[in-house]
Amino acid sequence: MKPPFIGRGIGLLVMLGVVVWWGVRVMSGHPAEPKGTFPVPAQDAKLAAQAGKETAVFAGGCFWGVQGVFQHVKGVLQATSGYSGGNVESPYYELVSSGSTGHAESVQVVYDPSQISYGTLLMIFFSVAHDPTQKDRQGPDIGTQYRSVIFYQTDEQKKIAEAYIAQVNAAKVYERPIATQVAPFSAFYPAEDYHQNYFTQNGEAPYCQFVIAPKLDKFTNAFKEKMKA
């Protein structure tokens, strides 16, 4: 039988290894920070003359944070966490998390085009909602389910998205090029109830404090005039 202190020593080494592994995982996915003022989209849809409803679908890592940001945007009527871009109907969280379905954690944004434009939504998505330079990950969350994607629903959305990515790359706002995919929308499946309004209901949780709250702080500082009252 091993002496107790040897068992404790092995346990401490295992714990230290886990801490080091997690630290490397987090630091290797440290989000890029914009180097200057984010450009206003040169190509955008004009604000509608009358109130209405249009839909945008964005994927940018864990949907808790992306939803949390867009829920605070003036002109956004609803932001729903869910899954898009995969090849399985009616996916569920554990299956999507395996990375086997092709889905990305996404947020469906229903907005009033008389209050906010699609281009402005893109500007918020790229500048504060996530790091668009990371491929198949966001920070410590790794896998294709955490990739950055714009799922366009019209030719106009596609043109605006592609033009804005080119504009941001040309402006060299980030040190790395934009990794965001522009893909056609096929379907959106709302996530389970416990994923909805996650930051609102769990704001004191460590993930919310360390990952989502800084996004909202950045949004408040950069887009004060776009915040809901």
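User: Why is asparagine 197 called partly exposed?

Analyst: In this predicted model, asparagine 197 has a relative accessible area of 30%. Buried would need a value under 20%, and exposed a value over 50%. The value of 30% falls in between, so asparagine 197 counts as partly exposed.

User: Where is asparagine 197 found?

Analyst: Asparagine 197 sits in the loop that joins β8 (188-190) to α6 (198-201).

User: What makes the phi of asparagine 197 worth noting?

Analyst: Its phi is near 55°, which is a positive value in a residue other than glycine. Most residues other than glycine have a negative phi.

User: Which loop holds aspartate 136, and what is its phi?

Analyst: Aspartate 136 lies in the loop between α4 and β4 (137-138). Its phi is near 55°, again a positive value in a residue that is not glycine.

User: How do you know whether aspartate 136 is buried, partly exposed or exposed?

Analyst: The relative accessible area of aspartate 136 is 24%. The limit for buried is under 20%, and exposed starts over 50%. At 24%, aspartate 136 is therefore partly exposed.

User: What makes glutamine 145 buried?

Analyst: Glutamine 145 has a relative accessible area of 6%. Buried means under 20%, so glutamine 145 meets the condition.

User: Where does glutamine 145 lie, and which residues is it in contact with?

Analyst: Glutamine 145 belongs to the loop between β5 (141-142) and β6 (148-152). With neighbours within four places in sequence left aside, glutamine 145 is in contact with Val96, Ser97, Gly99, His103, Ala104 and Glu105.

User: Is alanine 51 buried or exposed, and how do you know?

Analyst: Alanine 51 has a relative accessible area of 64%. Exposed means over 50%, so alanine 51 counts as exposed. Alanine 51 is part of the loop between α1 (4-28) and β1 (54-60).

User: Which residues does alanine 51 touch, and how far away in sequence is serine 114?

Analyst: Not counting residues up to four places away in sequence, alanine 51 touches Asp112 and Ser114. Alanine 51 and serine 114 are 63 residues apart in sequence, while their C-alpha atoms are 5.2 Å apart in space.

User: Why does valine 182 count as partly exposed?

Analyst: Valine 182 has 26% relative accessibility. That value is neither under 20% nor over 50%, so valine 182 is partly exposed.

User: Where does valine 182 lie, and what does it touch?

Analyst: Valine 182 is in strand β7 (residues 181-184). Residues up to four places away in sequence aside, valine 182 touches Ile150, Tyr152, Lys158, Ala161, Glu162 and Ile165. From valine 182 to phenylalanine 58 the C-alpha distance is 9.7 Å, with the two positions 124 residues apart in sequence.

User: What makes helix α2 mostly covered?

Analyst: Eight of its eight residues are buried. They are Phe63, Trp64, Gly65, Val66, Gln67, Gly68, Val69 and Phe70.

User: Why is α2 called oblique to α4?

Analyst: The axes of α2 (residues 63-70) and α4 (residues 118-129) come within 11 Å and cross at roughly 130°. Perpendicular runs from 65 to 115 degrees, and antiparallel is over 145, so an angle of roughly 130° makes α2 oblique to α4.

User: Which residues make the contact between α2 and α4?

Analyst: On the α2 side they are Val66, Val69 and Phe70, and on the α4 side Leu121, Ile124, Phe125, Val128 and Ala129. Eight residues of this contact are nonpolar, with no polar and no charged ones. The crossing is right-handed.

User: How do α2 and α7 cross, and which residues meet there?

Analyst: The axes of α2 and α7 (residues 206-222) come within 9 Å and cross at roughly 35°. This crossing is right-handed. Trp64, Gly65, Gly68 and Val69 of α2 meet Tyr207, Ile212, Lys215 and Leu216 of α7.

User: What makes two residues of the contact of α2 with α7 polar and one charged?

Analyst: The contact divides into five nonpolar, two polar and one charged. Gly counts as polar and Lys as charged, so Gly65 and Gly68 are the polar residues and Lys215 the charged one.

User: What is the secondary structure of the chain, and what share of its residues counts as buried?

Analyst: The chain has seven helices and eight strands. Of its 229 residues, 44% count as buried.

Definitions and conventions: Residues numbered from 1 in each chain as written. Predicted model: local features only at pLDDT ≥ 70, side-chain atom pairs only at ≥ 80, totals over all residues. Heavy atoms only, no water. Axes fitted to C-alpha atoms, helices over the stretch in contact; angles between N-to-C directions. Helix = DSSP H or I, 4+ residues; strand = E, 2+ residues; numbered from the N terminus. Parallel < 35°, antiparallel > 145°, perpendicular 65-115°, else oblique. Left-handed = near helix turned anticlockwise from the far one by under 90°. Contact = heavy atoms within 4.5 Å. Buried < 20%, exposed > 50% of the residue type's maximum accessible area, 1.4 Å probe, protein only.
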